[in-house]
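Here are a few notes to go with your first look at this one. Have the sequence and the model open side by side, and take the points in any order you like.

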Amino acid sequence: VLYSVNSPYQKVDIVREKEGRTYLYLDGGMNFGSNELSWFNAFLSELPARLQKPEKVLIVGSGSMQSVARVSPLAKHVKTVELDPAVIAGSRIHFAHINHLSEIQNWQWQIDDAKHYLGSTDEKYDLVIMDVPAPLTIQEGLLHSVEFYRLVKARLKPQGIISVSLSGGFRPDAETPRAVAASLLQVFDKIYVITAASAGRSFAFAGEEFKFSKLLMEATMQILGEINFDVYERDEIEKIVGEMRPISLSNMRFIVHRSWVRLIDNLRED
């Protein structure tokens, strides 16, 4: 155990196995360390940055902060907004070999609630990256809600986009990815969903107008080293989402149910 903090928001643990690999756990859930989670940062952060060629990027959440390392060479300005200073403090020390923050000159960070920040700033962004956990709690669910995405939309430039992990494979039987996609569909006119085998999950890019095409996205996926993937456009996404209701302040039942199931599963393991 390299680092262990019970912050006001969550339990933060950073551990290193004997072979040398370092892992980040938030409330007992692995946030970084596996090969899939390294690919996660490639598709959540580097892929949209390559497509957007952004001037200003906002990263909501921090984790290992590998996203900063992937995006900073492709943007003029990168800002991280993180609620929990314990995550940043641990990652700056124990994931320095991953995020290289000491070498990055165009990055800054701010401790703030993302909802408060987006509601109070006048900044406009080319790319907003949601580097946050899956919606397993009410707090996390709010960051995947219709209301939150409307806040993001207000802070995007005309061709700006949001990048979101759907927290699983995008399939007709996958509730969480469909619920997150439903929230994005309700707020944004344009949307792509990509599935990436290397990351073991799907991602969505949404906005009012795209700078890039589906063909360019597919070519960039291959440049990043992914050969097993699918790209869905809005009509295909709507069919897979089906009747799934979006996450919103008036519809948190799905999140509460997931939290309850997770709690029961953990109790059974104990």
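In what sense do S5 and strand S8 (residues 125-130) pair, and over how many bridges? Point 1 takes that up; keep in mind throughout that this is a predicted model.

1. **S5 and S8.** The two strands run in the parallel sense, and 4 bridges link S5 to S8. If you want a spot to check by eye, find Leu58, which stands opposite Val128 in S8.

2. **S5 and S6.** S5 also pairs with strand S6 (residues 77-82), again in the parallel sense, this time over 5 bridges. Here the pair to look for is Val57 and, opposite it in S6, Val78. To get from S5 to S6, the chain goes through helix H2 (residues 66-71), making a β-α-β crossover that is right-handed.

3. **How covered is S5?** Strand S5 spans residues 56-60, and 4 of those 5 residues are buried, leaving the strand mostly covered. Put that together with the pairing: S5 has S6 as a parallel partner and S8 as another.

4. **H7 against H8.** Now turn to a helix pair. In general, two packed helices are described by the angle between their axes and the distance between the axes. For helix H7 (residues 146-154) and helix H8 (residues 175-187), the axes come within 9 Å and cross at roughly 45°. That angle makes H7 oblique to H8, because it falls outside the ranges for roughly parallel (under 35 degrees) and roughly perpendicular (65 to 115). The crossing of H7 past H8 is right-handed.

5. **Who touches whom?** On the H7 side, the contact is made by Val146, Tyr149, Arg150 and Lys153. H8 answers with Val180, Ser183, Leu184, Gln186 and Val187.

6. **Asp27.** This residue is worth a click for its backbone: phi of Asp27 is near 55°, a positive value in a residue other than glycine. You'll find Asp27 in the loop between strand S3 (22-26) and strand S4 (29-32). Is Asp27 buried, exposed or partly exposed? With a relative accessible area of 42%, Asp27 is partly exposed, because the value lies between the 20% and 50% cut-offs.

7. **His100.** Here is another positive phi: about 50° for His100, which is not a glycine either. His100 is found in the loop between helix H4 (96-99) and strand S7 (107-111). Its relative accessibility is 34%, so His100 counts as partly exposed.

Methods. Residues are numbered from 1 along each chain as its sequence is written. This is a predicted model: local features need pLDDT of at least 70, side-chain atom pairs count only at pLDDT 80 or more; totals for chains, interfaces and linings use all residues. Side-chain values use heavy atoms; hydrogens and water are left out. Buried means under 20% relative accessible area, exposed over 50%, partly exposed in between (1.4 Å probe, protein chains only). Two strands pair if DSSP finds at least two bridges between them. A crossover is right-handed if, with the strands pointing away from the viewer, the path from the first strand over the helix to the second runs clockwise. Axes are lines fitted to C-alpha atoms, for helices over the stretch in contact, and angles run from 0 to 180 degrees between N-to-C directions. Angles under 35 degrees count as roughly parallel, over 145 as roughly antiparallel, 65 to 115 as roughly perpendicular and the rest as oblique. A crossing is left-handed if the near helix is turned anticlockwise from the far one by less than a right angle, and right-handed if clockwise. Contact means heavy atoms within 4.5 Å.
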